[in-house]
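The exercises below are meant to be worked through with the sequence and the structure side by side. Try each task before reading its solution.

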Amino acid sequence: VTMRTKEQKFDPSDTDALKRRRGQSKGRGHVTRPKQRKKQTDALQLARQQYERQKKAKEETRKEIEAERERKTEVLKASEENRRQRREKLTKRTKKGQPVMANRIDMLLSKIQNA
């Protein structure tokens, strides 16, 4: 950059002179640097992050509910199977139409042992 005197005309190629004329220059030797700010997240990014958090929370609760539902159905199937087997044993009959006592005694024994 060349120094000018008052008599010299304005040189459009002199960018510092242009800045001074516009009032953007801070003076001789001063270099303007952009201020370093903390990176701010705009409203869209904040909304997107909040949406992702809510989506993740919903997914976790959905998975928990699904696991609970599967556990309940397994318990129901097991109890239905136990009832079916017990009913088969208790409905068995001898050739003469009498109930099979061995099955009834086994059922009573298992009840006593579990209690």
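**Exercise 1: a buried residue**

N103 counts as buried, because its relative accessibility is 16% and buried means under 20% relative accessible area, exposed over 50%, and partly exposed in between, with a 1.4 Å probe and protein chains only. The model is a predicted one, in which local features need pLDDT of at least 70 and side-chain atom pairs count only at pLDDT 80 or more, while totals for chains, interfaces and linings use all residues. Residues are numbered from 1 along each chain as its sequence is written, and side-chain values use heavy atoms, with hydrogens and water left out.

Task: Find the helix that holds N103, and name the residues that N103 touches, not counting residues up to four places away in sequence.

Solution: Begin with the position, which is helix α3, residues 101–114; helices (H or I, at least four residues) and strands (E, at least two) are DSSP runs, numbered from the N terminus. Then look for contacts, where contact means heavy atoms within 4.5 Å. With residues up to four places away in sequence not counted, N103 touches K89 and K92.

**Exercise 2: the whole protein**

Task: Describe the pattern that the protein follows along the sequence, and state what percentage of its residues is buried.

Solution: The protein has 3 helices and 0 strands, so that reading along the sequence gives the pattern α-α-α. Of the 115 residues in the protein, 3% are buried. The accessible surface comes to about 11800 Å², and 51% of this surface belongs to carbon and sulfur atoms; such areas come from the Shrake-Rupley method with a 1.4 Å probe, and for residues only the protein chains shown count as cover.

**Exercise 3: salt bridges in helix α2**

Task: Work out which residues are linked with R84 in a network of salt bridges, and then examine the salt bridge that R71 forms with E68.

Solution: A salt bridge is a side-chain nitrogen of Lys or Arg within 4 Å of a carboxyl oxygen of Asp or Glu, and the structure holds 5 of them. Start from R84, which forms a salt bridge with E81, the closest N and O atoms being 2.3 Å apart, and one with E88, where the closest N and O atoms are 2.6 Å apart. E81, R84 and E88 are therefore linked in a network of salt bridges.

Next, consider the spacing: R84 and E81 are separated by about one helical turn because they are 3 residues apart in helix α2, while R84 and E88, also in helix α2, are 4 residues apart, about one turn of the helix. R84 counts as partly exposed at 32% relative accessibility, E81 is partly exposed at 34%, and E88 is partly exposed at 41%.

Finally, turn to R71, whose salt bridge with E68 has its closest N and O atoms 2.6 Å apart. Both residues lie in helix α2, 3 residues apart, about one turn of the helix. R71 is partly exposed at 43% relative accessibility, and E68 is partly exposed at 35%.

**Exercise 4: a positive patch**

Task: Which residues form the positive surface patch, and which helix gives the largest share of it?

Solution: The patch is formed by R83, R86, R87 and K111. Its largest share, 3 residues, comes from helix α2, residues 43–91. R83 is found in helix α2 and is partly exposed, with a relative accessible area of 43%.

The rule behind the patch is that its residues have over 30% relative accessible area and no salt bridge, with like charges joined within 9 Å and nonpolar side chains (Val, Leu, Ile, Met, Phe, Trp, Tyr) within 5 Å. Lys and Arg count as positive and Asp and Glu as negative, whereas His and the chain ends are not counted; the place of a charge is taken as NZ of Lys, CZ of Arg, CG of Asp or CD of Glu.
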